[in-house]
Amino acid sequence: MTLTQIKPLGLSKPVDLADNEKIRLGTGNDLQIYHDGYNSFLTTDTGNLYIQGDSSSTTEEILIRPKGGEQSARFIANGAVELYWDNAKKFETYQYGIKTTQNIEIGLHAYFADNGEAIFGTGGDLKIYHDGNNSRITNSTGAL
């Protein structure tokens with residue numbers, strides 16, 4: 001059955017579909033929403049998939065939660081993007097760039113340690129840090 005519109009009063013009852021039954025939208029059924037018995041899907045066959053809040057809002061957020069009460073990502077209107085690990089904020093964008101609350105790993109063998117050191121190399125051979133009074137670069141192998 002092809003439905004071209006829903007009456008102004010909307011649906012009077014919930015729509016219940018069995019596993020693998022799809023809600024398909026678009027002339028070519030380009031957007032599909034369904035559940036396969038184990039996982040839920042929102043798929044598109046053409047163009048981009050947009051998740052968009054009200055364009056006139058300045059306070060709305062788009063939230064991604066892997067389970068109830070556990071934040072994974074927040075997209076804040078006119079503001080930050082925040083990323084979480086096990087419901088604890090670890091990374092965010094702000095007006096002047098990015099912030100992180102802990103370590104930053106760069107490449108295969110580079111990271112920022114809890115004490116603020118930038119550490120490079122498989123054995124942590126090169127370190128760049130500030131000790132409170134002086135800026136330091138240390139190298140424990142080869143030439144610097």
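This section describes the overall form of a predicted model, followed by its aromatic, charged and selected hydrophobic contacts.

The secondary structure of the protein chain consists of 12 strands and zero helices. Read from the N terminus, the order of elements is therefore β-β-β-β-β-β-β-β-β-β-β-β, under the assignment of strands as DSSP runs of at least two residues. The C-alpha trace spans about 75 × 35 × 30 Å along its principal axes. The radius of gyration of the protein chain is 24 Å, whereas a compact globule of 144 residues would have a value near 15 Å. Of the 144 residues, 12% count as buried. The exposed surface of the protein chain comes to about 11800 Å², and 51% of this area is supplied by carbon and sulfur atoms. Among contacts between residues at least 6 apart in sequence, 0% join residues at least 24 apart.

I23 provides a local example. This residue lies in strand 1, which covers residues 22-25. With neighbours within four places in sequence left aside, I23 is in contact with L17, L31, Q32 and I33. The C-alpha atom of I23 is separated by 15 Å from that of L11, a residue 12 places away along the chain. The relative accessible area of I23 is 39%, and I23 is therefore classed as partly exposed.

Two aromatic pairs were found in the structure. In one of them, Y34 and F41 are stacked, with 4.9 Å from centre to centre and 15° between the planes. Y34 counts as buried because its relative accessibility, 18%, falls under the 20% limit. F41, at a relative accessible area of 30%, is partly exposed. The pair formed by Y94 and Y96 is edge-to-face, with 6.0 Å between centres and 75° between the planes. Y94 is partly exposed at 36% relative accessibility. Y96 has a relative accessible area of 68% and is exposed, because this value is over 50%.

A lysine is also placed over a ring in each of these pairs. The charged end of K22 sits over the ring of Y34, 4.5 Å from the ring centre; Y34 is the ring that stacks with F41. The charged end of K99 sits over the ring of Y94, 4.5 Å from the ring centre, and Y94 is the edge-to-face partner of Y96.

Side chains of opposite charge can pair when their charged atoms come close. Six salt bridges were identified in a search of the whole structure. One of them joins the side chains of E82 and R74, with an N to O distance of 2.9 Å. Both E82 and R74 are buried. Another salt bridge joins E92 and K89 at 3.2 Å, N to O. E92 is buried, with a relative accessible area of 16%, whereas K89 is partly exposed at 30% relative accessibility. These four residues belong to a network of salt bridges that links E61, R74, E82, K89 and E92.

A further salt bridge is formed by the side chains of D131 and R136, at an N to O distance of 2.9 Å. D131 has a relative accessible area of 37% and is partly exposed. R136, with 35% relative accessibility, also counts as partly exposed.

Notes
Residues numbered from 1 in each chain as written. Predicted model: local features only at pLDDT ≥ 70, side-chain atom pairs only at ≥ 80, totals over all residues. Heavy atoms only, no water. Phe/Tyr/Trp six-rings, centres within 6.5 Å; stacked < 30°, edge-to-face > 60°. Buried < 20%, exposed > 50% of the residue type's maximum accessible area, 1.4 Å probe, protein only. Lys NZ or Arg CZ within 6 Å of the ring centre and 35° of its normal. Helix = DSSP H or I, 4+ residues; strand = E, 2+ residues; numbered from the N terminus. Rg over C-alpha atoms; globule rule 2.2 N^0.38 Å. Contact = heavy atoms within 4.5 Å. Areas by Shrake-Rupley, 256 points an atom, 1.4 Å probe, with all protein chains shown as cover.
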